[in-house]
Amino acid sequence: MNKYLFTSILVLLVAMTFGQTKQKENEKAPSQNEMQDMMKEMQEALDEMSPEDKKAMEEMGIKMPDVNSTLTD
């Protein structure tokens, strides 16, 4: 049960991170350093997932991004 809660929260965070298309007028875009920090945190969370969780997410049709390749591009 705990792993499903963690997986749900992780999916929600990923969706919120990549799903935002419009910023509020008073908000400024995150700096390059802030974006890299967020990507590193996300990769750490993905690395901590068990193989069973990763397999379950793939079976649900959720493709987990490889953040390391994104950071090097």
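Helices (H or I, at least four residues) and strands (E, at least two) are DSSP runs, numbered from the N terminus. The model is predicted: local features need pLDDT of at least 70 and side-chain atom pairs count only at pLDDT 80 or more, whereas totals for chains, interfaces and linings use all residues. Residues are numbered from 1 along each chain as its sequence is written, and side-chain values use heavy atoms, with hydrogens and water left out.

**View 1. Nonpolar patch with Ile9 of helix 1.** Helix 1 spans residues 2–19 and contains Ile9. Together with Leu5, Leu12, Leu13 and Met16, Ile9 makes a nonpolar surface patch of about 480 Å². Patches consist of residues with over 30% relative accessible area and no salt bridge (a side-chain nitrogen of Lys or Arg within 4 Å of a carboxyl oxygen of Asp or Glu); nonpolar side chains (Val, Leu, Ile, Met, Phe, Trp, Tyr) are joined within 5 Å and like charges within 9 Å. Areas come from the Shrake-Rupley method with a 1.4 Å probe; for residues, only the protein chains shown count as cover. Ile9 is partly exposed because its relative accessibility is 43%, the class between buried (under 20%) and exposed (over 50%).

**View 2. Negative patch with Glu48 of helix 2.** Glu34, Asp37, Glu41, Glu44, Asp47 and Glu48 form a negative surface patch, with charges placed at CG of Asp or CD of Glu. Glu48 lies in helix 2, residues 32–48, and is exposed at 64% relative accessible area.

**View 3. Helices of the protein chain.** The chain has four helices and zero strands, in the order α-α-α-α. Of its 73 residues, 18% are buried.

Key
Lys and Arg count as positive and Asp and Glu as negative; His and the chain ends are not counted. Buried means under 20% relative accessible area, exposed over 50%, partly exposed in between (1.4 Å probe, protein chains only).
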